[in-house]
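Welcome to a short tour for a newcomer. Please keep the picture at hand while reading.

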Amino acid sequence: MKKRILLLKIGQVDKIILVNLKKNLEWVFKDFQIKVRILPKELDLNNSYYHPEKRKYNADRIIEGMNEYLLDYDFFRVLGIVKEDIYSGTYNFIFGCAERIIAKIALISVIRLNEIFYNRTKDNSLFEKRILREAIHELGHTFGLFHCQDYCVMKFSNSLMEADNKPIRFCKNCLKKVEVFLSKT
Ligand SMILES: [Zn+2]
Ligand SMILES: [Zn+2]
């Protein structure tokens, strides 16, 4: 199968976010013969995924919805992008997540990556970098990587500061694992 990462717009996300992410991911994975494509049809953000008390969407339910949507597709990896706030399990909020069993699907939320969320001045280049970092992290999970303790994009983060302190790249060990994984896939 051709190694393609498909980007799926879920709900009302600005198209430019996907366009920039496509360009940036193609650059990051250029040595792996991975192409990135934006799926033409978006996925509606179903109201039943919404948790009124938490005022957030359930990430696991969104991933289920993505699975249903993708039933007829033969795909390598899909990364969904939402602009709404998401949570999973006991985590009050998450920046993103990946499927747990056969990990081919991942999801990121961009809302907390935007300075505007924290009532700070808009910074497009910072926003774009953060989106790329979280996208690589979640895709890394779909390439078989676990969390890493080194200075690495795969380090776990549950705050914006922790996220911003990660590099936008795999450490040597993780990169090696990705190479091995993708050579077998
Ligand atoms: Zn993670
Ligand atoms: Zn690492």
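The report below walks through strands, a metal site and charged pairs.

Please keep in mind that this is a predicted model.

**Strands around E1**

A good place to begin is strand E1, which covers residues 4-9. Five of its six residues are buried, so the strand is mostly covered. Strand E2 (residues 35-38) runs parallel to E1, and four bridges pair the two. Within this pairing, Leu 7 has Ile 38 of E2 as its bridge partner. E1 also runs parallel to strand E5 (residues 77-82), to which five bridges join it. Here Leu 8 stands opposite Gly 80 of E5. Helix H1 (residues 15-28) joins the picture too: together with E1 and E2 it makes a β-α-β unit, and this unit is right-handed.

**An open sheet of four strands**

Next comes an open sheet whose four strands follow the order E3-E4-E6-E7, with mixed pairing. Which strands stand at the edges? They are E3 (50-51) and E7 (91-94); each has a single partner strand, so one side of each is left without a neighbour in the sheet. Strand E6, made of residues 86-88, pairs with E7 in the antiparallel sense over two bridges. Tyr 91 in E7 is the bridge partner of Ser 88. Helix H2 (residues 59-69) packs on this sheet and touches E4 (56-58), E6 and E7. The directions of H2 and E4 make an angle of about 55°.

**The zinc site**

Now for the metal. Three histidines serve as protein donors of the zinc ion (ligand 1): His 137, His 141 and His 147, each through its NE2 atom. They lie 2.0 to 2.1 Å from the ion. Along the chain, the donors follow the spacing H-x3-H-x5-H. Is His 141 buried or exposed? With a relative accessibility of 19%, His 141 counts as buried, because the cut-off for that class is under 20%. His 147, at 40%, is partly exposed.

**Charged pairs**

In general, side chains of opposite charge can pair when their charged atoms come close. In this model the count comes to ten salt bridges. The table shows some of them.

| Salt bridge | Closest N and O atoms |
|---|---|
| Asp 85 and Arg 112 | 2.7 Å |
| Arg 130 and Asp 164 | 2.8 Å |
| Glu 179 and Lys 176 | 3.5 Å |

Asp 85 forms its salt bridge with Arg 112. This pair links distant parts of the chain, 27 residues apart: Asp 85 is in the loop between E5 and E6, while Arg 112 is in the loop between strand E9 (105-109) and helix H3 (124-142). Both Asp 85 and Arg 112 are buried.

Arg 130 has Asp 164 as a salt-bridge partner. Arg 130 belongs to helix H3 and Asp 164 to helix H4 (residues 160-164), so the pair ties together parts that are 34 residues apart in sequence. How do the two compare in accessibility? Arg 130 counts as buried at 4%, whereas Asp 164 is partly exposed at 26%.

The side chains of Glu 179 and Lys 176 also meet in a salt bridge. Both residues lie in helix H5 (residues 172-184); because they are three residues apart there, about one helical turn separates them. Glu 179 counts as partly exposed, with a relative accessibility of 33%. Finally, salt bridges that share partners join Glu 115, Arg 120, Arg 130, Arg 133 and Asp 164 into one network.

Terms used
Residues numbered from 1 in each chain as written. Chains lettered and ligands numbered in written order. Predicted model: local features only at pLDDT ≥ 70, side-chain atom pairs only at ≥ 80, totals over all residues. Heavy atoms only, no water. Pairing = 2+ DSSP bridges. Contact = heavy atoms within 4.5 Å. Axes fitted to C-alpha atoms, helices over the stretch in contact; angles between N-to-C directions. Donors = N, O, S within 2.8 Å, 3.2 Å for Na, K, Ca; no water. Buried < 20%, exposed > 50% of the residue type's maximum accessible area, 1.4 Å probe, protein only. Right-handed = clockwise from strand over helix to strand, strands pointing away. Salt bridge = Lys/Arg side-chain N within 4 Å of Asp/Glu carboxyl O.
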